[in-house]
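Colleague: Thanks for making time for this one. Could you take me through the model, one question at a time?

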Amino acid sequence: MNKLRAVRRFLVGIRRSWLRYGHGVLVDPSASVSLSSRFIAGRRNDIVVGAQSLVAFKTLVYTQDHVSGEHKPVRIGRHCFIGGGSVIMPGVTVGDRSIVAAGSVVFNDVPPCSIVGGNPARLLRADVEVGPYGRLKNADENVKQMWR
């Protein structure tokens, strides 16, 4: 089990370095980014992932607006969760402590402390309390109840 963790940690470190130096994506060292997520930045530092945020599998984050040809930066705040299969469009800012539901296509900014979902993504819930990596505050209690 320890070998598996060490290999995973090594791969994540390589992925983070590849994103930073190969693609110009800034990922905080405490953030978790899936190996299958894709980042397409037009310029260096156009995509920023904040501290203790989680970007799940098969997500797409890109900065080039194909209509105008401009590069618009994308910012993902602190303590956020970006669900699997989501697409974050150019120029979007995901506020701190927010959750983007799986499969969402986000065209507009996400307010802090909120949950968005759908295509196009719309506000589902506001003023939510989340912890690190976008985990809801009462998630541990729900898991304990489920396994009783």
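Colleague: How far apart are the end C-alpha atoms of H1, against the span expected for its 22 residues?

Modeller: Bear in mind that this is a predicted model. At 1.5 Å a residue, the 22 residues of H1 should span 32 Å, and the distance found agrees with that. The end C-alpha atoms of H1 are apart by 31 Å.

Colleague: Which residues of H1 are buried, and how wide an arc do they cover around the axis?

Modeller: Val-12, Arg-15 and Leu-19 are the buried residues of H1. They sit on the same side of H1, because the arc they cover around the axis is only 60°. An α-helix has 3.6 residues a turn, so residues three or four places apart point the same way. For the buried set of H1, then, the arc is 60°.

Colleague: And which residues are exposed on the other side of H1?

Modeller: To count as exposed, a residue needs over 50% relative accessible area. On the side of H1 away from the buried residues, those exposed are Asn-2, Lys-3, Arg-9, Phe-10, Trp-18 and Tyr-21.

Colleague: Which helix gives the largest share of the lining of the largest pocket?

Modeller: The largest pocket has a volume of about 150 Å³, and its lining includes Arg-5, Val-12, Ala-31 and Ser-32. By type, the lining residues are three nonpolar, two polar and four charged. Seven residues of the lining come from one helix, covering residues 2-23, and that is H1.

Colleague: Which strands stand at the edges of the open sheet?

Modeller: The sheet has four strands in the order S1-S4-S7-S10, with parallel pairing. An edge strand has a single partner, so one of its sides is left without a neighbour in the sheet; this holds for S1 (25-27) and S10 (93-94).

Colleague: What is the bridge partner of Val-25 in S4?

Modeller: S1 pairs with S4 (residues 47-49) in the parallel sense, over three bridges. In S4, Val-25 has as its bridge partner Ile-47.

Colleague: Which residue in the turn of the S13 and S14 hairpin has a positive phi?

Modeller: S13 (residues 114-117) and S14 run antiparallel and are joined by four bridges, with Gly-117 partnered by Arg-122. Four residues lie between the two strands of this hairpin, and the one in the turn with a positive phi, about 105°, is Gly-118.

Colleague: Last one: is Asn-138 buried, exposed or partly exposed?

Modeller: Asn-138 lies in the loop between S14 (122-126) and H2 (139-146). Buried would need under 20% and exposed over 50%. The relative accessibility of Asn-138 is 38%, so Asn-138 counts as partly exposed.

Notes:
Residues are numbered from 1 along each chain as its sequence is written. This is a predicted model: local features need pLDDT of at least 70, side-chain atom pairs count only at pLDDT 80 or more; totals for chains, interfaces and linings use all residues. Side-chain values use heavy atoms; hydrogens and water are left out. On a 1 Å grid over the protein atoms alone, a cavity is a set of points where a 1.4 Å probe fits but cannot get out, and a pocket is an open set with protein on both sides within 12 Å along at least five of seven lines; lining residues have an atom within 4 Å of a point. Grid points are joined across faces, edges and corners, and a volume is the space filled by probe spheres set on the points. Ala, Val, Leu, Ile, Met, Phe, Trp, Tyr, Cys and Pro count as nonpolar, Asp, Glu, Lys and Arg as charged, and the others, Gly among them, as polar. Two strands pair if DSSP finds at least two bridges between them. Buried means under 20% relative accessible area, exposed over 50%, partly exposed in between (1.4 Å probe, protein chains only). The expected span of a helix is 1.5 Å times one less than its number of residues. The arc is that of the directions from the helix axis to the C-beta atoms.
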